[in-house]
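Dear colleague,

Please find below the structure that I am handing over to you. My notes on it follow directly after.

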Amino acid sequence: MNMSVEQAGKFSPSLFFEGTRNAVPIILGYLPLGFAYGVLAGEAGLSVLETALMSLLVFAGSSQFIAVNMILAGAPALSIVITTFVVNARHMLMSAAMVPFVRNWSRARQILFGFGLADEPFVMNISNFAKKEVRYEEALGVNVASYLGWSVPGIAGAITGQLMGDLSPLGLDFALAGLFIALLVPFFKERRELVTALIAGTLSVVLYLAGVGRWNIILATLAAATIGLLLPIQTKKAQQEGADASTGEATSAVSTTSPASTDEQNGGQS
Amino acid sequence: MSVSPETLLLILGMCLVTFIPRFLPMLLLSSRSLNPQLERWLKLVPPAVLAALLAPELLTSKGGAEGARLFISPDNMMLLASIPCFITAWITKSFFGTIVVGMAALALLRFFLG
């Protein structure tokens, strides 16, 4: 990688394609989901072009499923738009969480990057950001590949109009859960992140079962991050200073590229 | 291959309420320095949002918000498959390894138990 050329503002295709490669697990997970969306949209009476437009302009999997179901149920357009807003309100938090990493990018780049900030590219990117210096091209590559990985199967589903056989024997429907687990577990090295995640997961389930509808994600995230911040948890540095040989071994075993390590440095400074 | 005006309007509405929350906070907050406490809070958002997305997938039964119920049982194959998946993620830190183990676990569980 030639940093001097990149920093001169030239768009680096090699970094872009590194980003697209990082998105392969996302594409794998999107494949059956996107396809199913396309089929369902056709059943709801959307044309192939309308189905494609929704994927290309909205790029938000869960809200597209909900929208198509609401169309099928004859819901008015305004209520569908409002529901979409509620379902996607969590993106405000995710967008804000990007600020420390993207603040030096131009406005145009931030807007273009923001367009592609669905859940999966968001978590993939923010995990990368926390691990290493990530340039705009690489982050955009993740988003663009995810965008195509979501849209193309949807269009294929709309055209064929039928599901591509039963994929459940392949376990492909675990791909996104597996991706979330792969992205979440590195945060567990830091006790504050671990506790925050446990609180968020519990609250999300409780709220979901309590019938708050699609508010569960954003409410659980807001509450858990706030509780997690306020909890009197020792920082990793303090833990390590007081650690005996056995726990020291345990922490050093997982210390290499932690998303939380930069976090803790910043936290220590504040 | 046609687009009705009503559907186009619906899609544009959905586009706006999705797109604006995705870029506007980033854009507005980038031009000012963040309070360190806020910055620490924002760094807890990724693990929180991930866990909030994942937990209902693993711990509740499918079937819409109305029919949802807690589903912690040996019959919950998503939950069972998540166990080797978590272990692989912790030990190997490999994206692909984790996802492949999870998918393979689910496939095997379905094959032998399903």
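**Findings on the two chains**

Chain A contains 17 helices and zero strands. Please keep in mind throughout that this is a predicted model. Of the 270 residues in chain A, 51% are buried. When contacts between residues at least 6 apart in sequence are considered, 77% of those in chain A join residues at least 24 apart. The surface that chain A exposes is about 11,300 Å², and carbon and sulfur atoms supply 65% of it.

Chain B has five helices and zero strands, and its pattern along the sequence reads α-α-α-α-α. Buried residues account for 47% of its 114 residues. Among its contacts between residues at least 6 apart in sequence, 29% join residues at least 24 apart. The radius of gyration of chain B is 20 Å, whereas a compact globule of 114 residues would have a value near 13 Å. Along the principal axes, the C-alpha atoms of chain B fill a box of roughly 50 × 50 × 30 Å. Its accessible surface comes to about 5,700 Å², with 71% belonging to carbon and sulfur atoms. Chain B carries 8 positive and 5 negative charges, and the mean positions of the two groups are 13 Å apart.

I turn now to particular places in chain A. Helix α7 of chain A spans residues 90-97. Is this helix largely enclosed or open? Seven of its eight residues are buried, so helix α7 is largely enclosed by the rest of the structure. The buried residues are A:Arg90, A:His91, A:Leu93, A:Met94, A:Ser95, A:Ala96 and A:Ala97.

A:Gln64 sits in helix α5 of chain A, which covers residues 61-72. Its relative accessible area is 0%, so A:Gln64 counts as buried. What does A:Gln64 touch, leaving aside residues up to four places away in sequence? Its contacts are A:Tyr37, A:Met54, A:Ser55, A:Val58, A:Phe59, A:Trp150 and, in chain B, B:Met14. With A:Phe59 there is also a polar contact: the side chain of A:Gln64 reaches the backbone nitrogen of that residue at 3.4 Å.

A:Phe59 itself belongs to the loop between α4 (48-58) and α5 of chain A. Because its relative accessibility is 1%, A:Phe59 counts as buried. Its phi is near 50 degrees, a positive value in a residue other than glycine. For comparison, most residues other than glycine have a negative phi.

Chain B offers a further case of this kind. B:Lys93 is not a glycine, yet it has a positive phi of about 55 degrees. B:Lys93 lies in the loop between α4 (77-92) and α5 (95-113) of chain B. Is B:Lys93 buried or partly exposed? Its relative accessibility is 37%, so B:Lys93 counts as partly exposed.

Finally, A:Pro13 is found in helix α2 of chain A, residues 13-22. With a relative accessible area of 47%, A:Pro13 is partly exposed. Which distance separates the C-alpha atoms of A:Pro13 and A:Gly141? The separation is 9.0 Å, although the two residues are 128 residues apart along the chain.

Yours sincerely

Conventions
Residues are numbered from 1 along each chain as its sequence is written. Chains are lettered from A and ligands numbered from 1 in the order in which they are written. This is a predicted model: local features need pLDDT of at least 70, side-chain atom pairs count only at pLDDT 80 or more; totals for chains, interfaces and linings use all residues. Side-chain values use heavy atoms; hydrogens and water are left out. Helices (H or I, at least four residues) and strands (E, at least two) are DSSP runs, numbered from the N terminus. The radius of gyration is taken over C-alpha atoms; the globule rule is 2.2 Å times the number of residues to the power 0.38. Buried means under 20% relative accessible area, exposed over 50%, partly exposed in between (1.4 Å probe, protein chains only). Contact means heavy atoms within 4.5 Å. Accessible areas come from the Shrake-Rupley method with a 1.4 Å probe; for residues, only the protein chains shown count as cover. Lys and Arg count as positive and Asp and Glu as negative; His and the chain ends are not counted. The place of a charge is taken as NZ of Lys, CZ of Arg, CG of Asp or CD of Glu. A polar contact is a pair of N or O atoms within 3.5 Å; within protein, one must be able to donate a hydrogen and the other to accept it, and residues adjacent in sequence count only if both atoms are side-chain atoms.
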